[in-house]
Amino acid sequence: MDKAELYLKTIFCCMACDGEIAKEEIEMVKNVSSKNDIFSSLNVESLINQWIVALNENGADFLRSFLNELSLEDLTSKEQMLIIDFALKTIEADNCIEYSEVKFFKKIRDRLSINDEDILQCYPDKEDFLLADVKISDDLNWDNNIQFTQISLNL
């Protein structure tokens, strides 16, 4: 997977990890993908809809797979900060931060080598997101009855 796809998948997984994809999160994807050259080589809508199908079929296994992929990536500090940035922006997009989103962020954070001080330099108000209150080995709580519908970004 190339880096742009990894960034987009980070956004998607953070959108879906609470069991709901909010319209504000879809708007954020539209804005980020239209204003950021990183995603210019991707068919954003098609990829997200493929991931929706995979998530609907595989549930928490899809999210676990993403976390495993993230663990295997060789990312620079700058690339790791982009992962952090995209994750936080997505989690905050609907102005409703669920604990499941914070917990998923912590699972992402655990797979990165960047230090907390660097994150707090950019996000001084996100200390709660970095506190150790989750065992990384904790399984993802996922309702297998959750089903997402395809989205349209109208790009």
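User: In this model, how many of the residues of α6 are buried?

Analyst: Bearing in mind that the model is predicted, helix α6 is mostly covered, with 9 of its 12 residues buried. The helix runs over residues 99-110 and reaches 16 Å from its first C-alpha to its last, close to the 16 Å expected at 1.5 Å a residue.

User: Which residues of α6 are buried, and what do they pack against?

Analyst: Among the buried residues are Val102, Phe104, Phe105 and Ile108, but also charged ones by name, including Glu101, Lys103 and Arg109. The buried residues of α6 pack against α1, α2, α4, α5, α7 and α8.

User: What does Arg109 form a salt bridge with, and is Arg109 buried or exposed?

Analyst: The side chain of arginine 109 meets that of aspartate 116 in a salt bridge, at 2.9 Å from N to O. Arginine 109 counts as buried because its relative accessibility is 15%, under the 20% cut-off, whereas aspartate 116, at 27%, counts as partly exposed.

User: How should I read a salt bridge within one helix, and where is there a case?

Analyst: An α-helix has 3.6 residues a turn, so residues three or four places apart point the same way. Aspartate 85 and lysine 89 both lie in helix α5, 4 residues apart, and they form a salt bridge whose closest N and O atoms are 3.1 Å apart. Aspartate 85 is buried, at 14% relative accessible area, while lysine 89 is partly exposed at 44%. In helix α4, aspartate 61 and arginine 64 lie 3 residues apart, and their salt bridge brings the closest N and O atoms to 2.3 Å.

User: How many salt bridges are found in the whole structure?

Analyst: The search finds 8, and Glu92, Asp125 and Lys126 are linked in a network of them.

Conventions
Residues numbered from 1 in each chain as written. Predicted model: local features only at pLDDT ≥ 70, side-chain atom pairs only at ≥ 80, totals over all residues. Heavy atoms only, no water. Helix = DSSP H or I, 4+ residues; strand = E, 2+ residues; numbered from the N terminus. Expected span 1.5 Å × (residues − 1). Buried < 20%, exposed > 50% of the residue type's maximum accessible area, 1.4 Å probe, protein only. Contact = heavy atoms within 4.5 Å. Salt bridge = Lys/Arg side-chain N within 4 Å of Asp/Glu carboxyl O.
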